[in-house]
Each structure stands twice: as C-alpha cells, then as structure tokens.
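Open the model in your viewer and keep the selection box at hand. This tour goes stop by stop.

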Amino acid sequence: MMERRSFIAACSAACGLAGLNLPARAAVAREYPRSVLTDGEGRPLKASSLKPGINYVFQWPYPATPCFLLDLGRKVDGATKLRTADGRQYDWPGGVGRAQSIVAYSAICSHKLTHPTRDISFISYRDEATAHSRRARVIHCCSEHSQFDPAAGARVLEGPAPQPLAGIVLEYAAERDELVAVATLGADVFDRFFQSFGFRLALDHGGDRAMKPVGTTTRVVAMDSFCRQQVRC
C-alpha cells in the first residue's frame, strides 16, 4: 500500500489548516503533480537499489529544480518543531523504504540558492568529515559553508542558511519497492530561484519548460553522472 507516513495529518497540525492546497507564499506543505522516480532505463527505480551514502539527484517538481535522494543506511525517525525563516513551524515525517532509511530534499540551498548544475556542484551530501568540516553525514554547501542534517529534516547545523532545505515527500509502494514524489514540506525557494536564474534556466531547458511540472516520471542519477565536477570543501 502507498503510505505518506502520516504526512497529511502532520502537515495539518503543523499548519493549523485542514488541507494542503495553500497559497504559494503561505504554504509549509505544497502538493505537486505526482512523479514516479525511475532509473536510467526509464523503469521505476527500485528503492532497495540505492547505495547508502551516495548522492543521487532527480529533477522535481520542475525540470530546473534538482533534488537529493539519499539512503542514509539506517532508520531515520521524524523531526519535530522545524521552522521556516519566517517562523512557521512544521514536523517532518522521516525516512521511507523497507528500512525507513531513504530521504529526499530540494538540492537548492536555502541561503543563496546554490544548486547542482550539469557543470558543477558546490552542494552535496558528505558521508564522512573533511579537512574543512568536522561533521560527517551532512549536506554541505561550500558557497558559504551552510550544513544541514538529512537525518532530521535537513535542519541547519552550521552556517548562514536561514531555514532547512525543503523536504521532498515520498510515497513508498512496499509491494513494488518504488518511490513517488508528491509534495514539498517546509519553505521551498522555487519562486526566488526562478526569479534569480530564470534566463539561464530558460536557455538550459528550452524556454518556459523549466517552470512546467516534470510529468509522471523523473529520472534518478548518481551525482557523478549528473554534473561534471563536485567541489569538496
């Protein structure tokens, strides 16, 4: 059975509203057209095929907005009392998959909108600490060294980022071992993202296609295949 891990109930409580069809600027939870995550052959991705600690990327809910898909290799419990930059509180439901270890987040940094491109990425998940960061198992943005905890709703651990990365709510079909992206949770930055990079995104994705929903499927690729260079800091 498809399950949202009590997503609707959690969001209703967090927002103090009965539904999820909220105005873009007021929403903590925003539903988008459902997209099945697929592999490189266009077949539904098997969640159990993900390798723990590896950066995977998929583009959702728009062709121009990349997301991280991560198997953290252990059960990931939910997180409560996360806050957006303007003070709205929400709860995050935790991991999905057979081991409840899989999470997904917008790969657009909530500070200066740093994001993976086909050429380079200054933001990624780090399974181990580096010479410039004592923290392991974090999403690290090298632009100004914001760090986010993917095991706790991408809450901010360090740096100038004003709020968590937007969570991507995944439905998991246990009988088929498949994943479907259905909503964002927290404050997404898509409006600001398109305002800042609209011209380049239009060139990269063919006019207004960059701002149209990706459709019923979206492909998952390893970060190594998604972009040519990853900056490690």
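The stops below cover strands, a pocket and salt bridges.

This is a predicted model, in which local features need pLDDT of at least 70, side-chain atom pairs count only at pLDDT 80 or more, and totals for chains, interfaces and linings use all residues. Residues are numbered from 1 along each chain as its sequence is written, and side-chain values use heavy atoms, with hydrogens and water left out.

**Stop 1: strand 2**

Select residues 29–38, which are strand 2. Strands here are DSSP runs of E, at least two residues, numbered from the N terminus. Two strands pair if DSSP finds at least two bridges between them. Strand 2 pairs with strand 14 (residues 178–185) in the antiparallel sense, over 5 bridges. Pick V36: its bridge partner in strand 14 is V180. Now add residues 217–219, strand 15, which runs parallel to strand 2 and is joined to it by 3 bridges. Here L37 stands opposite T218.

**Stop 2: the pocket**

T218 leads on to the second largest pocket, where it is among the residues nearest the centre, along with Q59, P63, R209 and R219. A pocket is an open set of points on a 1 Å grid over the protein atoms alone, where a 1.4 Å probe fits, with protein on both sides within 12 Å along at least five of seven lines; lining residues have an atom within 4 Å of a point. The lining holds 14 residues. Strand 3 (56–59) and strand 15 each give two or more of them. The volume is about 240 Å³, taken as the space filled by probe spheres set on the points.

**Stop 3: an open sheet**

Show strands 9, 10, 11 and 12: they form an open antiparallel sheet in the order 9-10-11-12. Strand 9 (123–126) and strand 12 (155–158) are the edges; each has a single partner strand, so one side of each lacks a neighbour in the sheet. Inspect strands 10 (residues 138–141) and 11 (residues 146–149), joined by 3 bridges. H140 stands opposite Q147.

**Stop 4: salt bridges**

A salt bridge is a side-chain nitrogen of Lys or Arg within 4 Å of a carboxyl oxygen of Asp or Glu. The whole structure has 15. Select R98 and D177, with closest N and O atoms 3.9 Å apart. R98 sits in the loop between strands 6 and 7 and D177 in the loop between strands 13 and 14, so the pair ties together parts 79 residues apart in sequence. Which of the two is buried (under 20% relative accessible area, 1.4 Å probe, protein chains only)? D177, at 4%.

Finish with K46, E175, R176 and E178, linked in a network of salt bridges. Within it, R176 and E175 have closest N and O atoms 2.9 Å apart.

Notes:
Helix = DSSP H or I, 4+ residues; strand = E, 2+ residues; numbered from the N terminus. Buried < 20%, exposed > 50% of the residue type's maximum accessible area, 1.4 Å probe, protein only.
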